[in-house]
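Hi,

Here is the structure I said I would pass on. Have a look at it first, and then read my notes below.

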Amino acid sequence: MADYQEAPLATRPKTLDPNEYFNLSPEYRRAEEARAALRANLKRQYQMQLNNPHRKELIEDPALTRWVYARANPYPHFRATNKTSLLGAMFGVFPLFFFYYVFKTDRDRREQHIKDGTLERKFSLSS
Amino acid sequence: MAVVGFRRWARALSKGQGSGISALFSGARAASGTSKADLPGAYPKTPEERAAAAKKYNMRVEDYEPYPDKGEGYGDYPKLPDRSQHERAPWYQWDPPDLRRNWGEPIHWDFDMYIRNRVDTSPTPLSWNSMCKQLFGFIGFMLFMFYLGEKFPCYQPVAPKQYPYNNLYLEKGGDPNKELEEVKNYEI
């Protein structure tokens, strides 16, 4: 396995990373063990609920609840800084006026051509 | 979530006791399920808040890193690496296998973008710059050549059609008694 080559479109899996096995510091090992303990705890909770014969309802996932809540409620944490106001103006205010002017001038020019009788109605599909 | 709430309501009603109905109307429910403290909150400023937030999201305190507080609406949601679900191990027994995610694992902010039907952040055979240059170079070159072709059309030389019999003088309704000089449409 020392000469493992990843598939062209995949990242190297964590379990095949040589840095995981050689020259490990104790801090790294402790960190990995803490993460594995958290993961194992979550797995255990899930499996207890999944295999509970008296369970009649769905298993709710608190991580999903938090994610949905966070995505649906950004406004309490919103502040009007330079960047956010600039983004808001660029996407919300500027296109309004810009497209109004573009369309109005184009339509007025076209109307003027029609009134003068100079409008060229070509048969080509592209313009 | 709504299903659980509905069942609780139906169970409270179907208990048939006075306490069931009054419990429904007074809003008193069992103290289980998510509480307010479990939901995402404001950006954590003190280390205790950070530790509490890391515990809430089931992450280590060292791993927990909230989005920088620029008022963009993230709150204390953790900043996870921007990797799509394509990159996760396909052979491990994930809890919902199509999402390649375990129950209770913190979800990336853009999770619905990184699912396996959508954006893929796997490494590419060539570097991104090389791919961009090749694609846009080709498209730009073709557009330029088509533009030149429009500007300078090149085709076989053409001329107006030449008709015999003095340019069809009689057929076009000319006077048959009139003598005309010969019209020559050629040169030898």
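How much space lies in the largest cavity? About 40 Å³. Keep in mind that this is a predicted model. A search of the whole structure turns up 1 cavity of 30 Å³ or more.

Both chains contribute to its lining: A:Ala63, A:Arg66 and A:Trp67 come from chain A, while B:Tyr57, B:Tyr77, B:Gly104, B:Glu105, B:Pro106 and B:Ile107 come from chain B. Sorted by class, that lining has 6 nonpolar, 1 polar and 2 charged residues.

Now the interface. Chain A puts 35 residues in contact with 43 residues of chain B. The two chains bury about 3600 Å² between them, and carbon and sulfur atoms give 59% of that. On the chain A side, A:Arg66, A:Trp67 and A:His77 lose the most area to chain B, together 20% of what that side buries. You'll recognise A:Arg66 and A:Trp67 from the cavity lining.

As for polar links, the rule finds 6 salt bridges across the interface of chain A and chain B. One to click on is A:Lys43 with B:Asp95, whose side chains meet at 3.1 Å, N to O. There are also 14 residue pairs in polar contact between the chains, counting pairs with both residues at pLDDT 80 or more.

In chain A, α1 (26–50), α2 (62–72) and α3 (82–116) each supply at least two residues of the side that touches chain B. α1(A) gives the most, with 10 residues. By class, that side of chain A has 17 nonpolar, 8 polar and 10 charged residues.

Cheers

Key
Residues are numbered from 1 along each chain as its sequence is written. Chains are lettered from A and ligands numbered from 1 in the order in which they are written. This is a predicted model: local features need pLDDT of at least 70, side-chain atom pairs count only at pLDDT 80 or more; totals for chains, interfaces and linings use all residues. Side-chain values use heavy atoms; hydrogens and water are left out. Contact means heavy atoms within 4.5 Å. Buried area is the accessible area (1.4 Å probe) that two parts lose on being put together, summed over both. A salt bridge is a side-chain nitrogen of Lys or Arg within 4 Å of a carboxyl oxygen of Asp or Glu. A polar contact is a pair of N or O atoms within 3.5 Å; within protein, one must be able to donate a hydrogen and the other to accept it, and residues adjacent in sequence count only if both atoms are side-chain atoms. Helices (H or I, at least four residues) and strands (E, at least two) are DSSP runs, numbered from the N terminus. Ala, Val, Leu, Ile, Met, Phe, Trp, Tyr, Cys and Pro count as nonpolar, Asp, Glu, Lys and Arg as charged, and the others, Gly among them, as polar. On a 1 Å grid over the protein atoms alone, a cavity is a set of points where a 1.4 Å probe fits but cannot get out, and a pocket is an open set with protein on both sides within 12 Å along at least five of seven lines; lining residues have an atom within 4 Å of a point. Grid points are joined across faces, edges and corners, and a volume is the space filled by probe spheres set on the points.
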